[in-house]
Structure formats: C-alpha cells, structure tokens
Amino acid sequence: MKKITSFTVDHTKIDPGLFISRKDGDVTTYDMRVKKPNAGDYMSHIEMHSFEHMFATYVRNGAIADNVLYFGPMGCQTGFYLLTSNVPDEEVLSEIRDVLAKIIAHEGEVFGASEIECGNYRCLNLEAAKKVAKEYLSILDGRETDFLYHC
C-alpha cells in the first residue's frame, strides 16, 4: 500500500516551525509543528482541543477566511494542519501570526464551549489555548520561515 505523504517525512529530523506538508492543485496543507516529534514533550488533549477551538474560529473569521478549508490537530499531539486554497504562503504566515496574537489577547470564554456546540465542551480552557499560542508564536519569531522541511 502506498504511504501517505506525511509518513514519508523523517520525523526524527523535524523541528517545530511552519512547513508546507503538501500541495494538491490549489490546496496547500501547512504543518504547524508546535512540538518536536518523538521527543517526549507533547500537547495535552485540553491544550490541543482548546487551541483548536480558538484558532479555527479566529482564522475562519480573519483575512483568509474564505480560503480556509480545514484546521485541526495531529493525532501525535505535536501540531496542527491548516489547509488553504489559493493563498500565498507569506499571507498564510501573516494570518497565523495575527491569529496567535488574538488568542493570546482573548478575554472571555473559549469559542464553542457549550454542550450544544462541542462534543467534549468540559475539556476546554482558555489558558491552555493561550499557552500553545504563546509557544508557537515564540517558535515562529525565533526562526526564518521558508516553509520547507529540513530533513
């Protein structure tokens, strides 16, 4: 059976950052890698879930809203996938930075934190979302982003 694209990348050599995982026509899959794979430091479920609610809501209401196809967590608890259509890479990076800043500055409830809106609404925490946003923004601020895996 053919391997899926994400399994062909050497995960022992991936560092946190922002990468293009694949391009399929006008659809780009971004690997928003928060944690180094297989290093023993993973996001907790509450961190991933809370960040997902916040990021998905802000990005789907931001500058590239009409071109966001999907945002969600990686099962390995090391990052997220963002799929966009027809958006230049630098514009995506700019929007990611903007969304992270909005999460960090957010006051109030986590978006979608009700039994009607979420299947596990009790597992949401704004401080957990802010922790991930701060960590990821620090990663993006600490390195040049060329969108390429260097492994």
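Hi everyone, I'll walk you through a tyrosine, a histidine and two cysteines in this structure.

Keep in mind that this is a predicted model, where local features need pLDDT of at least 70 and side-chain atom pairs count only at pLDDT 80 or more, while totals for chains, interfaces and linings use all residues. Residues are numbered from 1 along each chain as its sequence is written, and side-chain values use heavy atoms, with hydrogens and water left out.

Let's start with Y149. You'll find Y149 in the segment after α3 (126-141); helices here are DSSP runs of H or I, at least four residues, numbered from the N terminus. Leaving out residues up to four places away in sequence, Y149 touches V9, I14, F19, I20, S21 and D31, where contact means heavy atoms within 4.5 Å. With D31 there's also a side-chain to side-chain polar contact of 2.6 Å. By that I mean a pair of N or O atoms within 3.5 Å; within protein, one must be able to donate a hydrogen and the other to accept it, and residues adjacent in sequence count only if both atoms are side-chain atoms.

Next up, H106, in the loop between α2 (89-105) and α3. Is H106 buried or exposed? Buried, at 9% relative accessibility; the cut-offs are under 20% relative accessible area for buried, over 50% for exposed, and partly exposed in between, using a 1.4 Å probe and protein chains only. Its side chain makes a 2.8 Å polar contact with that of Y58.

Finally, the cysteines. How many disulfides does the whole structure have? Zero, taking a disulfide as a pair of cysteine sulfur atoms within 2.5 Å. For C118, the nearest cysteine sulfur is that of C123, 8.2 Å away.

Notes:
Helix = DSSP H or I, 4+ residues; strand = E, 2+ residues; numbered from the N terminus.
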